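Let's walk through how the helices pack here, and then look at what sits in the middle. Keep the model open as you read.

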Amino acid sequence: MADTADQPLWSLPATRIAALVRAGELSAVEVAQSSLARMEAVNPAINAVVDCRPEEVLAAAAAVDAVVAGGGDPGPLAGVPVTIKVNVDQAGYATTNGLKAQKDLIAKSHNPVVANLLGAGAVAVGRTNTPAFSYRWFTNNLVHGHTYNPRNKALTPGGSSGGAGSATAAGIGAIGHGTDIAGSVRYPAYACGIHGLRPTIGRLAAYNGSGPDRAVGPQIMAVSGPLARTIGDLRLGFEAMAKADPLDPWSVPVPLVGPSVAKRAALCLCPDGMETAPELQKELLAAADKLRDAGWQVDELDTLPPIDAAVAVQLTLWMGDNYAGQVAAAQAEGDPGAIAALGGQKEFAESLGAMDLSQALIARMGIARKWALFLEEYPVVLLPPSAELPFADNLDLKSPEDYQRVWTSQMAMVGLPVAGMPALTLCTGLMADNTPLGIQIVSGRFREDVALEAAEAIEARGTPVTIAEPAP
């Protein structure tokens, strides 16, 4: 048996768990039992996992151990406890997407991302919360309740993958599954003080056979991605998820590692005039110095390819896609957050005409081209994850002015997906009150390997992410 006496099994990184389980030095069942015990201890305070079936968890872990005992290889995530967001299909579970209206929508098959995780030997220990319709950077709804930030209850856990961020930060699972249209992986990772990767559009297959199946609007910018406490675990989760599937026509089989690129990065503290918080500017400058120490050339620039203009494209494709129907669905659900999220865009949405959608698609191509050319010169970009430190919980509901403040601050979350390239949020530390600090890293399309390499260099020269201990 491997020597893990100095650490509880639930706290081990995924890379170590998988290596020990595959070698037969650690039981997947023991890891699952430890993860379930951790969930029992901390989940009541944070409500991150909203559906857990311990018997199924232990049976899945026993199946991994049986493969090892028979001389087989269960896969690169052997025995690793993971969580799955409630807006993707997992056979036998409700794909609620945070909605009362879907609490009985039981999936008949796995979303390809779920199938890939489980096929790699991971053990799904629970389903994690999301805001209604996965609309917000805050996580509460009328079917599963309120999810809290395990580092500081006064702060949002982020959204829409707030349950995944909270669970992973608190040690419930080594890797969390999330989805990201406008920051829904990256922002919860930032807000909860861990790391999150939004891969390239087309890198991961995603299709809900029995869940909501909208193939237009912002969904063409939606991707699944991992959240984790180490970059090594983020890489491991990403590689397990990253498979193409014919059910998703956007997915393509691209090698995980591309040709070598120059170690050259651009640093931009205030892209498109963003009023970046001084604390975040300081973290960006420190990250740049760490990259330089690792042998990278880092140039500080005043401007980047369009981000603010990309926000308008994102909103046009989102709100221009049957806005009235979205509002009607939110009102039928009665969820205050969803109603406010759509209501805050009412004037913009109702100004759109049919030509605006086609013009937005044309503009999207131009923005993507500018970013692609820029990333040829600078394979990595360092920029803020948000203009502000993580928001106070439910800030968007306090007033129309606060709602607008949230949206203005999230320019880099909303705009970057329009160009389709990967983006990663990296936790760089915590303030005295446990408010997380972090940066965002961007690389070229299908070059997640480059972003991960830069993140690993910064991580190695910084302070490791700690596991959050939620207050009761």
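Start with handedness: a crossing is called right-handed if the near helix is turned clockwise from the far one by less than a right angle, and left-handed if the turn is anticlockwise. Bear in mind that this is a predicted model. With that in hand, look at helix 2 and helix 3, which pass each other in a right-handed crossing. Helix 2 covers residues 28-46 and helix 3 residues 54-69; their axes come within 7 Å and cross at roughly 155°. Angles over 145 degrees count as roughly antiparallel, so that's what we call this pair. On the helix 2 side, the contact uses Ala-28, Val-29, Ala-32, Gln-33 and Leu-36, and these meet helix 3 residues including Pro-54, Val-57, Leu-58 and Asp-65. Sorted by class, this contact has 10 nonpolar, 1 polar and 1 charged residues.

Now jump to helix 8 (residues 278-293) and helix 16 (residues 448-460), whose axes come within 8 Å and cross at roughly 100°. That angle makes the two roughly perpendicular. Helix 8 brings Ala-287, Lys-290 and Leu-291 to the contact, while helix 16 brings Ala-454, Ala-457 and Ile-458. The tally is 5 nonpolar, no polar and 1 charged residues.

Leu-291 also turns up in the largest nonpolar core, which has 72 residues; Leu-291 is one of the six that touch the most other members, along with Leu-77, Val-80, Leu-382, Leu-424 and Ile-441. Take Leu-382: its contacts include Ala-287, Leu-291, Ile-441 and Ile-458. Apart from this core lies another, of 60 residues, with Leu-99, Ile-181, Tyr-378 and Trp-407 among them.

Notes. Residues are numbered from 1 along each chain as its sequence is written. This is a predicted model: local features need pLDDT of at least 70, side-chain atom pairs count only at pLDDT 80 or more; totals for chains, interfaces and linings use all residues. Side-chain values use heavy atoms; hydrogens and water are left out. A nonpolar core is a set of buried Ala, Val, Leu, Ile, Met, Phe, Trp, Tyr and Cys residues joined through side-chain atoms within 4.5 Å. Buried means under 20% relative accessible area, exposed over 50%, partly exposed in between (1.4 Å probe, protein chains only). Contact means heavy atoms within 4.5 Å. Axes are lines fitted to C-alpha atoms, for helices over the stretch in contact, and angles run from 0 to 180 degrees between N-to-C directions. Helices (H or I, at least four residues) and strands (E, at least two) are DSSP runs, numbered from the N terminus. Angles under 35 degrees count as roughly parallel, over 145 as roughly antiparallel, 65 to 115 as roughly perpendicular and the rest as oblique. Ala, Val, Leu, Ile, Met, Phe, Trp, Tyr, Cys and Pro count as nonpolar, Asp, Glu, Lys and Arg as charged, and the others, Gly among them, as polar. Lists of a residue's contacts leave out its neighbours within four places in sequence.
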